[in-house]
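Student: I would like to go through this structure and ask what stands behind the terms used for it.
Tutor: Go ahead, and we will take one term at a time.

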Amino acid sequence: MSTYCIGDIHGCYDEFMALLDLVKFNPKTDFLLTTGDVIGRGPKPIETLNFLLKYQDRIISVLGNHDLSLLRNYHLYSELKDAASKEKFLFNLKASELKKIINEKNGTEMISFLRNCPMTFWDRRHNLFISHAGLSPEWNIFDAMKNGNHVEQLLRSEHFGILMENMFSDRQCRWAPIKAEIQNNFAQKPFKTSIHYRRHMDYEDGIYDYMSLYPSLELDRCIYTINALTRMRFCYTDLSLDFDCKDKPKENKNRNLKPWYDYPNSQFKNSQTIIFGHWAALEGKNPADNIIALDTGCVWNGSLSLINIEAPAKRYSVKANH
Ligand SMILES: [Mn+2]
């Protein structure tokens, strides 16, 4: 039994299959993790999603910004009432994935699969953390898991729509003020000692109620979380997330920007391994032995990469062929 982790597939199904063949992946005995962005821009999103669906008991895929973007478009499309505006919406979309998925007879299954994917993954035995973009310099792994869990619960709840309509805002680029506001709200509520209230406030319990009590604060929390876990590359010196620069770190001219992993994170220990995708310009060069960059830009004519988590230093890859 082996556990593998593969970089951003982006609908490059042929390369995905070739890479699984290369390591003789056996869905009966092996496990597969992905760094997210399983679809987006690439040629075969349907085949890719069908494979993930078929072996969903053996595969864990964290959500990437392209996966979330598809869910957002699906929500906006579903909200339209008449056929003409639905048609126009699909016509105006640059990416054609949504149209393909809607035309599939198991399209709703694909959407529901994505809505149930996690934001983060942590393997206790290997002390291994995976998210699409990495770990915010304002967070430890527990913060990322806990806040990621809020997003996961909203994605699966009746609040899905409001999250989809509000996410991808650049305003929520710092964690500290959101955290302060959360603590402030707790402290100021006169009924904070009531057991009922405390149940609502418990992070691990009653998140829907928390959303009903403090919708804008809960949205801020979840939008920052989505930004940090799926969109982050560079951060400013005040630790705020940048959303524009996609350069290689060496080519970046702005001295106020550094890659997220170059900021000291006192919570982060060398015994922990972080695997992330999202940043194709890194070309798979690991920033450190225990920080593993797995997106090698297959969709941009690069290659698709995979590691065995028991021996993450060795990479397997196939060149783009589409
Ligand atoms: Mn991405």
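Student: What makes strand β1 and strand β2 a pair?
Tutor: The model is a predicted one. Pairing takes at least two bridges between two strands. Strand β1 (residues 3-6) and strand β2 (residues 31-34) run parallel and are joined by four bridges, so they count as paired. Within this pair, Y4 faces L32 of β2.

Student: How do you know that β1 also pairs with strand β10?
Tutor: By the cut-off of at least two bridges. Three bridges link β1 with strand β10 (residues 303-308), and the two run antiparallel, so they pair as well. Here I6 has L306 as its bridge partner in β10.

Student: Why is the unit of β1, helix α1 and β2 called right-handed?
Tutor: With the strands pointing away from the viewer, a clockwise path over the helix earns that name. The β-α-β unit made by β1, helix α1 (residues 13-22) and β2 is right-handed, so its path runs clockwise in that view.

Student: Why is the largest nonpolar core said to lie between domain 1 and domain 2?
Tutor: Because both domain 1 (1-135 + 272-322) and domain 2 (142-267) give residues to this core. The core has 76 residues, and C5, I6, I130, I275 and L304 touch the most other members.

Student: What is I275 in contact with, beyond its neighbours within four places in sequence?
Tutor: The contacts of I275 are C5, T35, L128, I130, I292 and L294. Contact here requires C-beta atoms within 7 Å.

Definitions and conventions: Residues are numbered from 1 along each chain as its sequence is written. This is a predicted model: local features need pLDDT of at least 70, side-chain atom pairs count only at pLDDT 80 or more; totals for chains, interfaces and linings use all residues. A nonpolar core is a set of buried Ala, Val, Leu, Ile, Met, Phe, Trp, Tyr and Cys residues joined through C-beta atoms within 7 Å. A residue is buried if 20 or more other C-beta atoms lie within 10 Å of its own, exposed if 12 or fewer, and partly exposed in between; C-beta atoms are placed from the backbone. Domain bounds come from an automatic or database domain assignment. Two residues are in contact if their C-beta atoms, placed from the backbone, lie within 7 Å.
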